[in-house]
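Student: Could you take me slowly through one part of this structure, the sheet, and explain each term as you go?

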Amino acid sequence: MILQTPLTRLLGTRYPIIQGGMSWASSNAALALAVSQAGGLGVIAAGPMYPEALLAAVRQVRAGTDAPFAVNIPLYNKRAQEHMDIAIGEGVPAIIASQGGPQKYLGRAREAGIKWLQVVASPLHAEKAQAAGVDAVIAVGLEAGGHPGPDEIGLHVLVRAIVRRVTLPVVAAGGIADGAGIAAALCLGAAGAQLGTRFLLTPEAGVHADYKAAVLAAGVSDTTLVGRGRSPVRMLRNTFARQYLSAERALEDADLDALFTASSLKQAALEGDVEGGKVEAGQSAGLIDSVQPAGVVMQQLVDETRAALARAAALAG
């Protein structure tokens with residue numbers, strides 16, 4: 001059973017699997033290269049990178065594989081212009097854009113022959129992205145680590161709503177950690193799946209060992225949303241999260257701003273402060289029980305997806 005979908009045909013990948021662009025974890029070449037070599041779409045997370053580091057990572061991935069890869073660029077970022085100049089100037093195969101509209105840069109990307117995938121969290125945003133001319137959308141459900149949408153729509157409902165409203169390929173993201181989840185996304189009408197937390201727990205992910213250990217130990221109910229009404233973050237329930245949620249329940253508005261900005265992802269990801277920093281992870285952390293090389297993870301995902309689709313086909317007779 002092959003795993004060819006409109007997404008694989010669009011991107012030129014072997015499998016409809018995208019590694020999520022995770023700040024610090026994939027802000028390097030190693031993870032993206034390993035995933036692309038194994039047939040998925042590896043993604044360099046440009047967000048926290050200096051331009052020279054991004055340029056070096058792009059060239060390192062390109063030197064290591066002829067397979068497609070992508071650069072994830074948060075469009076609100078103060079370095080977004082520089083990151084986009086590098087991605088377009090280097091002619092990367094794909095750009096994944098988030099947290100901002102694509103209109104400013106999409107024309108240049110098109111001229112360079114670059115595929116554009118837009119991260120969305122609502123059917124309305126998906127329709128706007130299609131109208132702007134993007135090639136595909138990535139639908140991020142409430143279960144996702146990092147920054148899910150403020151409307152808090154679960155992935156199953158979100159994917160079904162979006163595939164009914166747009167004609168371009170839809171990628172499901174949030175709460176997926178194995179092949180059964182990928183197969184479910186395909187059955188919902190998605191053309192592929194994006195996995196973040198599963199690829200966070202690999203040797204290639206560039207975060208502190210204590211960060212990985214904390215995520216590996218988490219159960220499905222050990223994450224929470226912090227910062228509703230601001231820029232909500234799904235992260236582990238640690239000391240910072242409990243302090244914030246306690247202040248939120250007490251309606252201490254002034255304290256909330258100070259608390260929220262006093263903690264950062266970098267604090268946890270690079271410095272290993274897994275109690276005071278923002279340990280971003282999705283609910284799927286509770287489905288993962290090992291740290292394995294990204295190439296091994298990719299093969300397991302493919303095998304599991306095929307098995308799950310075969311079970312579904314058998315049920316249909």
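Tutor: What follows is a close look at the sheet and at a helix that packs on it. This is a predicted model, in which local features need pLDDT of at least 70 and side-chain atom pairs count only at pLDDT 80 or more, while totals for chains, interfaces and linings use all residues. Residues are numbered from 1 along each chain as its sequence is written, and side-chain values use heavy atoms, with hydrogens and water left out. The open sheet is formed by 8 strands in the order E1-E8-E7-E6-E5-E4-E3-E2, with parallel pairing; strands (E, at least two residues) and helices (H or I, at least four) are DSSP runs, numbered from the N terminus, and two strands pair if DSSP finds at least two bridges between them. Strands of a sheet pair through backbone hydrogen bonds, either parallel or antiparallel. At the edges stand strand E1 (17–19) and strand E2 (42–45), each with a single partner strand, so one side of each has no neighbour in the sheet. From one strand to the next, the twist averages 25 degrees, where axes are lines fitted to C-alpha atoms, for helices over the stretch in contact, and angles run from 0 to 180 degrees between N-to-C directions. Looking at one edge, E2 pairs with strand E3 (residues 69–74) in the parallel sense over 4 bridges, and Ile44 has Val71 in E3 as its bridge partner. Helix H7 (residues 155–163) packs on the sheet, where it touches strand E5 (115–120), strand E6 (136–140) and strand E7 (170–173), contact meaning heavy atoms within 4.5 Å. The direction of H7 makes about 155 degrees with that of E6.
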